[in-house]
Structure formats: C-alpha cells, structure tokens
Amino acid sequence: MTATTEAPEATAPPEPERPKPGRSTPFLLTVVLLAALVLLALLSAGLGAYHIALGDVLGSVRHRAGLGGHGLDRVGESVLWNVRLPRVALALLVGASLGCAGALMQGVFGNPLAEPGVIGISAGAAAGAVGSITLGLSFFGNWTITFCAFTAGLATVLVVYAMSRSGGRTEVVALILTGIAVNAFAGALIGLFIFFADNAQISQITFWQLGSLAQATWPKVLAVLPCAVAGLAVAPLYARRLDLLALGERPARHLGVDVERLRMVLVLVVALLTAAAVAVAGIITFVGLLVPHLLRMAAGPGHRFLVPGSAIGGAVVLMAGDLAARTVAAPAELPLGVLTALFGSPFFFWLLRRTRRTQGGWA
Amino acid sequence: MNVLTSLFSVLSSARGPRELPTPPAPGQVALEASELRVTLGGRAVLDGVGIQVRTGEVVALVGPNGAGKSTLLAALAGDAAAASGTVRIDERPLADRPASELALRRAVLPQQAALSFPFPVEEVVRMGRAPWAGTVREGEDDAVVAEAMAATEVAGFARRPFDALSGGERARVALARVLAQRAPVLLLDEPTAALDLRHQELVLRICRERARAGDAVVVVLHDLGLAAAYADRIAVLHEGRLAAEGPPREVLTEELIGRVYRQPVDVLPHPGTGSPLVVPRRHP
C-alpha cells in the first residue's frame with residue numbers, strides 16, 4: 001500500500017499549491033448527501049407497519065435486477081414494490097424538483113427569499129391542479145393534472161416576475177407582497193373549485209392539498225417523471241450564467257449573457273419543476289428555501305454546485321420528512337406538507353430577520 | 001461533484017471554440033458614436049453627440065451633474081437605446097452584434113457594484129473571464145485573474161466575501177473583474193468615486209497602462225484634475241450636448257469650465273508638468 005502511494009509522488013512534478021480549503025467542500029457535501037440519500041431510501045423501503053429487513057430489501061432489488069439475491073414472500077414483495085418503492089421514487093423526484101426550483105428561483109430573482117411556495121407559484125400550480133380535478137378534465141390522461149399544474153404555475157411565475165420587479169431588481173418587500181397577493185388569489189380559486197366539487201372530488205382535493213406522498217403509485221411516478229427529469233437536466237446548464245446574473249442584469253449582459261433568454265428558459269424550468277412537485281404531492285413549502293440556503297452557507301453561492309446540490313439536498317430532506325411523517329405517529333400518518341411547514345416557517349422567520357438586518361431595514 | 005462539473009462544462013462548451021475577434025490596430029477607431037440622440041421619458045438626454053475613441057488613448061467624459069455623461073457611456077456600452085444615430089464598435093453597429101460577441105470587444109464598469117449573493121472576491125473577478133469560456137484563451141484565466149487582482153490591489157482579500165468589503169474595496173474588485181475581461185474597449189463609469197487619493201491615482205494609472213497596451217479607454221470622471229493629468233482627450237458634456245472636445249490644455253479653459261459648471265474657476269499650469277490645474281474661485 002505504501003509503495004503504491006509513494007511511487008507517483010517520487011516521479012510526478014510537485015502539484016501546484018492550492019491552499020483552498022473551500023475547494024473540496026462541494027465534493028464532500030455531494031458525497032455526504034448522496035450517501036444520506038441512499039441510506040434514507042433503504043430505510044424508507046424497509047421501515048413501516050410491515051417491517052422489511054435491510055438485507056431483504058437489497059436482496060429483492062438484486063433479484064428483480066437479475067443480479068442474484070432472492071425475492072420476498074408475496075406480501076413483502078407487494079409492499080416493497082407497490083407501496084414503498086413508488087413512494088421513495090416520488091419523494092426523490094418531488095424533493096429534487098423543489099430543491100432545484102428554489103435554487104433557480106433565487107438565482108433568477110437575485111433574492112435569497114424567493115421560493116415557489118413563498119411567492120405563490122406552488123399555490124398557482126395547485127389552483128390549476130384542483131381546477132382539473134373539479135372539472136373532471138382528462139384530455140391528457142394520466143398527465144392531465146401535471147399539465148394543468150404546469151400551465152397555471154407558468155402563468156403565476158410570469159405574473160409574479162412582472163409584478164415584483166422594478167428597475168432591473170427585485171426588492172424583498174415587493175416580492176413578499178406579491179407572494180401574499182398571489183397566494184390569496186390562488187387560494188380563492190382553490191376555494192371556488194372546492195365549492196363546486198362533489199364529495200369524492202373534495203376528499204381527493206383535501207387529502208392532496210395538505211401535501212402528502214401517501215398515495216404514491218408507479219403511474220403517478222410516471223406522470224411527473226418527464227417534467228421533473230426535463231427540468232433537472234436543463235437547470236445545471238445555466239448555472240454559470242446564473243452566477244453572472246448575481247452581478248445584476250446589465251453587468252451580466254456586458255459579460256455576454258443573453259439575459260432575456262436566460263430568464264425565460266429558467267422561468268419555464270421553475271414552472272416545470274414546481275408543477276411536477278405540486279401535481280403529485282400538493283403544496284410542500286420551504287424545502288426550496290431551506291435547502292439552497294443551507295448549501296449556500298456551507299459551500300458558497302456558486303450555482304454550479306448549488307443547482308445540482310439543491311436537487312440532491314431537496315430529495316434528502318423530503319425523503320427524511322416523508323419517513324418521519326409516516327413513522328413518528330404510526331399507525332397514523334402526518335401530512336408531509338404540514339411537517340415541512342412546521343420546521344420551515346421558523347427558519348423563514350429567521351431568514352427574514354437576517355435579511356432585514358443586513359439590508360438595514362426594508363428597501 | 002467534479003464529475004458533474006466536468007460533464008456540465010463539456011455539455012455547455014459543446015459548441016466548440018468560437019472565432020475570436022482580432023484586436024483593432026493601434027490608432028484605429030475602436031468605438032464611434034455619430035449624431036447620437038437618447039431620450040428618457042420624452043426628454044432628450046443626449047442630442048447630436050458624436051465621439052470617436054481610438055485604440056491607445058484615454059478619453060475622459062466630464063461635465064456637471066445631469067449633463068449626460070453616464071447616459072453617453074451607457075449608449076456606448078449598448079445599454080441605453082439610441083433614438084437616432086449609431087454607435088459602432090469594431091466597425092459594426094452595436095445593435096448588429098449579440099451580447100456574447102460584444103463581451104469579447106468591450107468591458108463596462110458600472111457606477112455601482114452590486115452582488116445578490118456573497119461570492120468571494122476571487123470568484124467575482126473570475127466572472128470577468130466568462131466571455132472567453134470555451135475559447136482558446138480560456139487557458140489564460142488563472143494568470144489574467146491574478147494579474148487583475150494584483151493591479152487593483154485586491155489580492156490581499158481574495159477569499160473574503162464581496163459583501164464584507166468596504167465601498168472602496170468593492171469598487172476595486174469590480175474594476176478587477178472588468179480588467180480580467182481583457183476587452184480592447186474599456187468603458188468606466190466613475191471608477192474613482194468611492195476611492196481614496198492613492199487608489200484614485202492607481203485606477204487612472206491602470207487606465208493609462210491599458211491604453212499603452214493598445215486598449216481604447218473611456219472614463220467618466222468628476223475630478224477635472226485627474227482628467228487633465230491622465231486623459232489624452234477630454235470631452236465636456238453640457239445639457240446633453242458636446243460642449244468641447246480635445247486635449248486637456250485646449251479644453252480646460254476658465255471661460256468654458258466657468259460657463260458649463262456655472263462656477264468661476266482659475267486654470268493654472270502645474271509647476272512641474274505644466275498640465276492644467278482647475279481651482280474653483282473661492283471668496284474668503
């Protein structure tokens with residue numbers, strides 16, 4: 001072992017000194033987050049009313065992948081593959097979408113308080129989704145709710161963007177107030193749709209509105225997969241340009257960024273990601289706020305790590321949240337959206353206070 | 001992370017190395033505005049302004065508040081749309097070139113340096129290299145960034161976050177970013193406003209050095225003494241029009257400055273260099 005490590009040192013020219021302790025932080029964080037993600041996925045697959053041992057989970061996965069292992073009995077196999085794993089997959093997709101959307105949104109608005117839930121985009125998308133349930137729309141089959149959530153979400157992002165900007169920047173107060181107005185309007189629309197819904201639709205809507213992954217099925221996973229994957233794949237390509245946008249619109253343009261196009265693409269991506277999350281899981285707030293913020297504190301504000309990192313971090317948080325939601329009060333299940341809001345709101349409060357302090361009052 | 005980053009950089013630079021502009025020859029007109037008219041809210045802020053900037057020279061834009069200095073600079077940068085008239089850079093109208101091509105030809109220092117997120121200083125300076133990403137000159141990045149930081153004396157706090165700096169330090173970091181862009185035309189809007197005496201001189205020495213290296217430099221200044229000492233030519237703006245333009249000794253006269261600024265002044269030759277010194281007439 002010592003021989004193999006010493007040999008290259010003797011021949012290789014001395015590495016240029018890079019005294020940058022911060023350089024490896026993103027790498028380390030990525031490894032830790034990915035490890036946490038795998039661990040949580042395995043735990044989520046095994047824990048619950050019907051306990052499946054870790055080895056059995058791995059065995060069954062290997063069995064299905066044709067890599068040896070062994071299948072479980074009929075009940076175990078069904079619980080694992082029809083209940084637990086779709087839920088794990090959904091938590092992964094929804095969490096990644098929310099985390100990534102938050103990071104993008106903050107970059108586009110140049111404001112660390114921007115988040116799909118806070119500024120009303122989730123609510124807008126939700127209004128679209130509820131509308132499609134009440135009106136019994138099914139023009140795109142399985143994808144109808146996602147499509148309606150996307151359309152309404154996109155319209156909402158555009159409205160919020162147009163209303164909260166003046167002179168090339170977004171002031172905190174304008175953003176939050178716009179969020180209040182949009183949330184109120186979307187809430188009214190949702191109320192109206194509920195008013196006109198029949199009983200079966202109402203129970204579907206209420207359950208979904210609290211924010212939950214409890215009804216995860218493979219078709220639901222498929223329903224959001226295209227939106228989420230498209231958004232998550234496109235987002236990192238714009239990371240470098242988002243860094244430049246932090247300088248302001250004009251300086252970004254001076255550095256060669258087509259700012260108008262960048263904004264339009266990212267607004268579309270945010271709408272895609274938010275729609276994917278909202279369509280299956282209802283309104284889950286603060287994940288997009290909390291995750292990018294913590295990562296920014298740990299690894300700096302560079303978007304080349306922040307955007308993919310927030311996706312992984314969002315998945316970790318949501319999977320942990322979902323695991324907690326269905327185990328802490330077992331056999332009852334807490335609504336996931338309630339749980340994230342319970343932890344997210346105080347954090348948001350703290351963030352508001354801090355922003356106010358650093359800006360010396362509200363602009 | 002490293003795998004991800006390299007994958008993304010491969011994807012985003014998949015267009016291949018772009019064609020780079022050849023820097024303009026010495027003494028050639030690098031930037032030119034003719035019959036420029038810019039309106040804001042129906043009022044003409046600039047009217048009939050024509051100016052040529054050649055490589056190798058420093059041109060100072062001076063004038064009282066509201067004379068249109070910053071608007072002229074913004075129009076030269078392509079930020080303010082001209083109601084009529086054209087701005088040409090490297091022999092073609094600004095409007096004909098996309099942002100990515102302009103970024104290889106001119107760098108702009110805004111009046112105020114802002115940043116939405118607390119990037120460390122070195123990363124801010126490195127943002128100036130963005131236009132060269134994916135070109136053959138990408139390899140110069142580290143050297144150019146280090147040089148720009150040394151020239152503006154910001155290397156000492158390279159790892160500090162931008163929002164922890166003082167106003168003057170931020171201004172120098174912003175200048176370092178602009179220098180790192182290595183564009184043949186530099187447009188600087190009041191680069192000395194937040195700076196102390198030593199750093200004001202430093203910034204204008206940098207302007208001179210860039211001009212000597214073959215860049216064309218346009219700089220908005222309030223201090224007529226600095227303009228007289230460092231500029232090859234001074235353009236005096238007055239109520240949206242060019243009141244005078246030429247070498248400092250010709251432009252800085254008691255009559256013109258007194259009229260434009262509505263403040264009587266004495267213009268004295270510097271005892272050492274002979275360059276004009278503008279001193280307001282004060283009544284004891």
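This dialogue works through the interfaces and the salt bridges of a predicted model.

Me: Before I look at any feature, what should I know about the numbering and the chains?
Reply: Residues are numbered from 1 along each chain as its sequence is written, while chains are lettered from A and ligands numbered from 1 in the order in which they are written. This is a predicted model, in which local features need pLDDT of at least 70 and side-chain atom pairs count only at pLDDT 80 or more, although totals for chains, interfaces and linings use all residues; side-chain values use heavy atoms, with hydrogens and water left out.

Me: How do I read the interface, and how many residues of chain A are in contact with chain B?
Reply: The size of an interface is often given as the accessible area lost when the parts come together. Contact means heavy atoms within 4.5 Å, and by that rule 33 residues of chain A are in contact with 32 residues of chain B. Buried area is the accessible area, taken with a 1.4 Å probe, that two parts lose on being put together, summed over both; for chain A and chain B this comes to about 2,700 Å², with 66% of it on carbon and sulfur atoms. Leu247(A), His254(A) and Leu255(A) supply 24% of the area that chain A buries against chain B, more than any other three residues.

Me: What polar pairs and salt bridges does the rule find across the interface of chain A and chain B?
Reply: Side chains of opposite charge can pair when their charged atoms come close. A salt bridge is a side-chain nitrogen of Lys or Arg within 4 Å of a carboxyl oxygen of Asp or Glu, and the rule finds 1 salt bridge across this interface. A polar contact is a pair of N or O atoms within 3.5 Å, where within protein one must be able to donate a hydrogen and the other to accept it, and residues adjacent in sequence count only if both atoms are side-chain atoms; there are 4 residue pairs in polar contact between chain A and chain B, both residues being at pLDDT 80 or more. On the side of chain A that touches chain B, the elements giving two or more residues are α2 (25-46), α4 (74-109), α10 (239-245), α11 (249-254) and α14 (303-327) of chain A. Helices (H or I, at least four residues) and strands (E, at least two) are DSSP runs, numbered from the N terminus.

Me: Why does the salt bridge of Arg250(A) and Asp79(B) join two chains?
Reply: The structure holds 26 salt bridges over all chains. Arg250(A) lies in helix α11 of chain A, and Asp79(B) lies in the loop between α2 (69-77) and β4 (84-89) of chain B, so this pair joins two chains. The closest N and O atoms of Arg250(A) and Asp79(B) are 4.0 Å apart. Buried means under 20% relative accessible area, exposed over 50%, and partly exposed in between, with a 1.4 Å probe and protein chains only. Arg250(A) counts as partly exposed at 43%, whereas Asp79(B) counts as buried at 18%.

Me: Where do Arg126(B) and Glu122(B) lie, and where do Asp141(B) and Arg129(B) lie?
Reply: Arg126(B) and Glu122(B) both lie in helix α4 (residues 121-127) of chain B, 4 residues apart, which is about one turn of the helix. Their side chains meet in a salt bridge of 3.1 Å, N to O, with Arg126(B) partly exposed at 24% and Glu122(B) buried at 17%. Asp141(B) forms a salt bridge with Arg129(B), the closest N and O atoms being 2.8 Å apart. This pair links distant parts of the chain, 12 residues apart, with Asp141(B) in helix α5 (residues 141-151) and Arg129(B) in the loop between α4 and α5 of chain B. Asp141(B) is buried, with a relative accessible area of 10%, and Arg129(B) is buried at 0%.

Me: Which domains is chain B divided into, and how many residues of each are in contact?
Reply: The bounds come from an automatic or database domain assignment, which divides chain B into domain 1 (27-105 + 185-199 + 212-284) and domain 2 (117-182). The C-alpha centres of these domains lie 25 Å apart, and 8 residues of domain 1 are in contact with 11 residues of domain 2. Between them, domain 1 and domain 2 of chain B bury about 810 Å², 67% of it on carbon and sulfur atoms. The count between them is 1 salt bridge, and the side chains of Arg198(B) and Glu153(B) meet in a salt bridge of 2.3 Å, N to O.
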